[in-house]
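User: Hello! I am new to this structure and would like a close look at a single part of it. Could you walk me through it in a friendly way?

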Amino acid sequence: MNNGYTSTINKILRNEKYIGDALLQKTYTTDFLNKTRVKNNGLVPQYYVEGNHEAIIPKEIYLQVQEELVRRRVVKTSANGKKRSYSCNHCFSQIVICGECGEMFRRLHWNNRGVKSIVWRCISRLESTGLECHARTINELVLQDAVVKAINQMLGDKSSYQAQLQLNIASVIRASQATSVENIDEKLMALQQELIQKAQSKEAYDEIADEIFRLRELRQQTTVDTAARDEQIKRINDLQDYIAQQTTHLTEFDESLVRRWIKQITIWDDHITVELKSGVSIDVDA
């Protein structure tokens, strides 16, 4: 893709104005005569205004995009500390993990005595990672079959997995931050009134200003954490709906199910563990 187009798309994806918000003082004036402006790297305070204007896209979609952008910057840190960059070439890319050394598996076109096949092999067996590994090479058809088996195992025991998913929802809610945006807003309002009073009476208000900035940052982080929590709960609910609505077992592999449900596939000597994004892990013989 043309670098100019890429830069423009990145700006659009990261622009909070598309959800009706505004970040004020991204830049500031250093020379009023020449109207020189520079990027604000923290020298002057920035102000985040929610609901500043009508949104172009829903906020939940914007937050999902921000989450995906973070995921693509650093997808996986291997057992030896090496960071693997994002690749979207295949539905199994970067989610097939070695149970022995913790490295990722890489897709290879194999030619064994004239017999061609596609296999996945641990990176530790393909390049120098500093990790000794004896993991097996696994045919892509075996991986596909493992996914089908895992989903069918879940569909074959609907009540148990539905109960597990309900527990997962409760766990996500318990793990979420106790601090709510509403509580932070109340504290901010009180502090802002206190700051105004001190400023009018010419008292020092640096500590109050610092606390206001800290609470603003906490509020923004809490908003992101709440969105992440809601997204996880939505994934679990979506899987519950899928389990309830699916009346037959899968008969063939569908890569869209991998992209939709599967978080990680771990390869062991005698079995494969399929971990879903909803927090369910299923072991299958393979």
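How many residues lie between E12 and E13 in the hairpin that they form, and which residue in the turn has a positive phi? Please also show me what surrounds this part.

Analyst: Happy to! Please keep in mind that this is a predicted model. Four residues lie between E12 and E13 in their hairpin, and the turn residue with a positive phi is Gly279, at about 95°.

Let's look at the two strands themselves. E12 covers residues 271–276 and pairs with E13 in the antiparallel sense, over five bridges. One place to see this is Val274, which stands opposite Ile282 of E13.

Now turn to E13, which runs over residues 281–285. Ile282 and Val284 make up its covered face, while Ser281, Asp283 and Asp285 make up the uncovered one. This fits a general pattern: in a regular strand, side chains alternate between the two faces of the sheet.

What lies around the hairpin? A good guide is Ile272, which touches Ile282, Asp283 and Val284, among others. Beyond these, the contacts of Ile272 include Arg136, Ile138, Val142, Leu143 and Ala146, as well as Ile265, Thr266, Ile267 and Ala286. Those contacts leave out residues up to four places away in sequence.

Ile272 also belongs to the largest nonpolar core, a group of 42 residues. Within that core, Ile272 is among the residues with the most contacts, together with Phe92, Phe105, Leu143 and Ile265. Helix H3, residues 140–156, gives the most to this core, with eight residues. In general, nonpolar side chains in soluble globular proteins tend to be buried together.

For contrast, there is a second, separate core of eight residues, including Ile184, Leu191, Ala209 and Leu215. Ile184 and Leu191 take us to helix H5, where they are buried along with Val181, Leu188 and Leu195. Seen down the axis of H5, the buried residues fall within an arc of 90°, so they line one face of the helix. Helix H6 (206–245) is part of what covers them. On the other side of H5, Glu182, Glu186, Gln197 and Gln200 are exposed.

To come back to where we began: the hairpin of E12 and E13 has a turn containing Gly279, and Ile272 is among the most-contacted members of the largest nonpolar core.

Conventions. Residues numbered from 1 in each chain as written. Predicted model: local features only at pLDDT ≥ 70, side-chain atom pairs only at ≥ 80, totals over all residues. Heavy atoms only, no water. Buried < 20%, exposed > 50% of the residue type's maximum accessible area, 1.4 Å probe, protein only. Arc of directions from axis to C-beta. Contact = heavy atoms within 4.5 Å. Pairing = 2+ DSSP bridges. Core = buried A, V, L, I, M, F, W, Y, C linked by side-chain atoms within 4.5 Å.
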